[in-house]
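Below are some notes on the enclosed spaces and on one sheet, set out point by point for checking against the coordinates.

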Amino acid sequence: MKVLYVTSEAAPYAASGGLGDVMGALPREIANDGADVSVILPLYGSMKENFRREMKKYADISFNLAWRKTGASVFLIENSGVKYYFLENHYYFSRQKLYGEPDDGERFAFFCRAVVEFMLQTGNIPDILHANDWQAAMSVVYIKTEYSQIRELQKIRTVYTIHNIEYQGKFPTYILGDVFGLDAKYFGVVEYDGCINLMKGALTVSDYITTVSPNYATELRYDYFAFGLAGIINSVSGKMTGVINGIDYSYFSPEHGGDIDFPYGRNNLIDGKRQNKLALQRELGLPQNEDIPLIVMITRLAGAKGIDLVLRVLDELLFSTEVQFVILGTGEAEYENALRTIESNHPTKMRALIKFDRVTSKKMYAAADLFLRPSKSEPCGLSQMICCSYGTLPVVHGVGGLADSIKNYGEEGANGFVFADYNAHEMLFLIKRALDLYKDKDEWKKLVEAAYASDFSWHKSAGKYMEIYENLINW
Ligand code: GLC
């Protein structure tokens, strides 16, 4: 079975969030299960020099996109049994940023067209084309529209995965022909609510749809979660399912994953974490005291991540309890500034690290007692699973994949703390309850061990994807 993943991110080559992590791990698992697996993505300006040196020139392709004659050079890296193809086009992708450019629509239309031309011009025709998020949506749409008469492509079965429905790829309708090179007769495929909506197009025409947790698959049927697409989701739900993501335990391991000051494992969870806490306190200039509970957050500073709940009660938490709070992330300026202000009011209790780097994030996972993830909605979420692998207890809002992965203290299989309503004080009271439990060393240790023992490996989920692919092929 040949599988081609179409994606705008794949760790370690290009990653700005969870999509990158998933595309860095799932293809490898599928290859381990015996499939012939490739991943195709743009070659960004930010690609590291050491990876550039590893790349081998594979092919040149050229094609027309609307009135433009254009093309790409294709480079290849083979890694862990997976072939990674990078599409180089300096005009569109030799930039530091992955997205957030004014011409994103044109850039990813080019990318998707290039993916289809790559398949045709190099003869790499997969059995399964698995496209991810809006940036890859047009690859499915092209196969099912402009290229639908081409025999070689007709046997491809397409899977489309929603990693986050908030980002749909919406554009004004007048660019259909000039930018996307799509004939007016296909307008209905991508039109939605007066716009071109690329995610809607892929949802409509792809053979199968997945999203990244079973609970999110259910939530997407409701307006509250679906960002305007509930009607479409309900109309395609017969070909849709939720498969929860896993995490990469070789990378996120307190024992073997590297980057932390004091590696530790199952036999010294509590002591190992305490040493890492002291090290982080020293590094950040916080009072060094292993008995003070440390709460951390590692997050994009965006509305959907529940930052407003945190800002609402953070002062109250820091004034009323003996606790330290460290947050790592970048995002909306309003949130960055509000966090800096609160930090300046609590210099011995809080650090707002307005940046992102993986080493610091791992040190925080290792050092913390509690990991806060109060997202308003969360398709899957990886960090609540990652923190468990470090024996750090998650405090989460029970939505999406958070509800699928974390069970509340007191319930069977508990591995953290879960609050039901999106309410700042409900979250605060739960944090305080957790801080009370922290004083009960035996009970706390049991819960830490349970979190650490949670199994979020990719193996089971990869098996579900294999089943989906096989069913589509035998269909
Ligand atoms: C998106 C979602 C996140 C999910 C990730 C990987 O970033 O917001 O919840 O874990 O994709 O699927």
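1. A cavity, in the sense used here, is a set of grid points where a 1.4 Å probe fits but cannot get out, and its lining residues are those that have an atom within 4 Å of a point. The model under discussion is a predicted one, and with a lower limit of 30 Å³ it holds 2 cavities.

2. The second largest cavity encloses about 40 Å³ of space, and its lining is made up of Asn164, Glu166, Phe227, Arg300, Ala304, Lys305, Ser377, Glu378 and Pro379. Sorted by class, this lining comprises 4 charged, 3 nonpolar and 2 polar residues.

3. The largest cavity, with a volume of about 50 Å³, is bordered by Val310, Val313, Leu314, Leu317, Phe325, Leu372, Met427, Leu428 and Ile431. Two or more residues of this lining are given by each of the helices α13 (307-320) and α18 (424-439), and it is α13 that gives the most, with 4 residues. The class count for the lining of the largest cavity is 9 nonpolar residues, with no polar and no charged ones.

4. The open sheet deserves a separate point: its 6 strands follow the order β15-β14-β13-β16-β17-β18 and their pairing is parallel. At the edges lie β15 (350-353) and β18 (417-419), each of which pairs on one side only, while neighbouring strands of the sheet are turned against each other by 15 degrees on average, direction ignored.

5. Within that sheet, strand β16 (residues 370-373) runs parallel to strand β17 (residues 393-397), and the two are joined by 4 bridges; one residue to look up is Arg373, whose bridge partner in β17 is Val396. Helix α14 (residues 333-345) packs on the sheet, where it touches both β14 (324-328) and β15, and the direction of α14 makes about 155 degrees with that of β15.

6. Turning to the pockets, which residues lie nearest the centre of the second largest pocket? They are Ile244, Asp455, Phe456, Lys460 and Ser461, out of 15 residues that line the second largest pocket, whose volume is about 240 Å³. At least two lining residues each are supplied by α17 (400-405) and α20 (458-473), and the largest share, 3 residues, comes from α20. By class, the lining of this pocket divides into 6 polar, 5 nonpolar and 4 charged residues.

Notes: Residues are numbered from 1 along each chain as its sequence is written. This is a predicted model: local features need pLDDT of at least 70, side-chain atom pairs count only at pLDDT 80 or more; totals for chains, interfaces and linings use all residues. Side-chain values use heavy atoms; hydrogens and water are left out. On a 1 Å grid over the protein atoms alone, a cavity is a set of points where a 1.4 Å probe fits but cannot get out, and a pocket is an open set with protein on both sides within 12 Å along at least five of seven lines; lining residues have an atom within 4 Å of a point. Grid points are joined across faces, edges and corners, and a volume is the space filled by probe spheres set on the points. Ala, Val, Leu, Ile, Met, Phe, Trp, Tyr, Cys and Pro count as nonpolar, Asp, Glu, Lys and Arg as charged, and the others, Gly among them, as polar. Two strands pair if DSSP finds at least two bridges between them. Axes are lines fitted to C-alpha atoms, for helices over the stretch in contact, and angles run from 0 to 180 degrees between N-to-C directions. Contact means heavy atoms within 4.5 Å.
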